[in-house]
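Reader: I would be grateful for a close look at one part of this protein, namely the aromatic ring pairs. Please also set them beside the strands of the chain.

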Amino acid sequence: CGDPFYIGLNGLEMYDWQGKKIPITMDNVEAFPSSLNELPEVTNDERTLDKLFDGVNNTWNDKHMWLCPFTPGQQNYLYIIFNEVVSVSMIKIWNYSKTPSRGANEFSVFVDDLLVFQGFLKPAPERLSGTKRLDSKSVHFDQTILFTNDDVLVSREKNKLVSTVEEQTVQFINDRRVMATVGKQTNALGQRPSTSVV
């Protein structure tokens, strides 16, 4: 995970202290940059910020995804603002799935300017798995950050928790020859590639 030019998500949901989904509208949300439409060469790209909250998260359909430019060394920001006190028990995140390498990797959560979580998202599953084409109903994309010790929520979400450590590259070596490399791979930076909605 970690495309050097783009970053995106399929969806984001927040839940209150009772485990009920908190309604989020565009009145609650700001992002910098907000979408690919901020690039001079892009107009009318459908992968806009509102797609994060359209409720269609477990998908490979990019008409339900948010994608924005990413520049190495700079931060991207997503703000969710509430005008009254809200208790949050968990945040569910669906990473970008059209091109999983463009999903978010390392991220932080701040509440009232205080760091409350820092971790790493796994890439979304690839659409093709071997020779079998995956169905979005059989694969779950969501990852969870818990801010509660409620036994029911912890039990339900324990297999979807976001990691607080980054995946590392491991090399298998035999007789001084690299037999296999497993884990995070990086690409050399070049010109920003184009992207399209299909």
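Author: What follows examines the aromatic pairs, and then turns to a sheet and to one acidic residue in it.

The model is a predicted one. Across the whole structure, a search finds four aromatic pairs. One of them joins Phe-32 and Tyr-79: the ring centres are 6.0 Å apart and the planes stand at 70°. Planes over 60 degrees apart count as edge-to-face, and the pair of Phe-32 and Tyr-79 is therefore edge-to-face. Phe-32 belongs to strand E2 (residues 29–32) and Tyr-79 to strand E4 (residues 77–80), so that the pair links distant parts of the chain, 47 residues apart. As for accessibility, the relative accessible area of Phe-32 is 44%, and this residue is partly exposed. Tyr-79, at 38% relative accessibility, also counts as partly exposed. Phe-32 and Tyr-79 do not stand alone, for ring pairs link Phe-32, Tyr-77 and Tyr-79 into a cluster.

A further pair is formed by Phe-107 and Phe-117, with ring centres 5.8 Å apart. The planes of Phe-107 and Phe-117 meet at 40°, and the pair is tilted for this reason. Phe-107 lies in strand E6 (residues 106–111) and Phe-117 in strand E7 (residues 114–120), so this pair ties together parts that are ten residues apart in sequence. Both Phe-107 and Phe-117 are buried, whereas Phe-32 is partly exposed, as is Tyr-79.

The sheet may be considered next. Four strands form an open sheet in the order E3-E1-E5-E10, and their pairing is antiparallel. Strands E3 (66–69) and E10 (142–146) stand at the edges; because each has a single partner strand, one side of each is left without a neighbour in the sheet. From one strand to the next, the twist averages 35°. Strand E1 (residues 6–16) pairs with E3 in the antiparallel sense over four bridges. Within this pairing, Tyr-6 has Pro-69 in E3 as its bridge partner.

Strand E1 also contains Asp-16. Asp-16 is buried, yet it has no salt bridge. The nearest side chain of opposite charge is that of Lys-20, 6.0 Å away from Asp-16; a salt bridge requires a side-chain nitrogen within 4 Å of a carboxyl oxygen. If neighbours within four places in sequence are left aside, Asp-16 is in contact with Ile-22, Ser-87 and Ser-89.

Technical notes:
Residues numbered from 1 in each chain as written. Predicted model: local features only at pLDDT ≥ 70, side-chain atom pairs only at ≥ 80, totals over all residues. Heavy atoms only, no water. Pairing = 2+ DSSP bridges. Helix = DSSP H or I, 4+ residues; strand = E, 2+ residues; numbered from the N terminus. Axes fitted to C-alpha atoms, helices over the stretch in contact; angles between N-to-C directions. Phe/Tyr/Trp six-rings, centres within 6.5 Å; stacked < 30°, edge-to-face > 60°. Buried < 20%, exposed > 50% of the residue type's maximum accessible area, 1.4 Å probe, protein only. Lys, Arg positive; Asp, Glu negative; His and termini not counted. Contact = heavy atoms within 4.5 Å.
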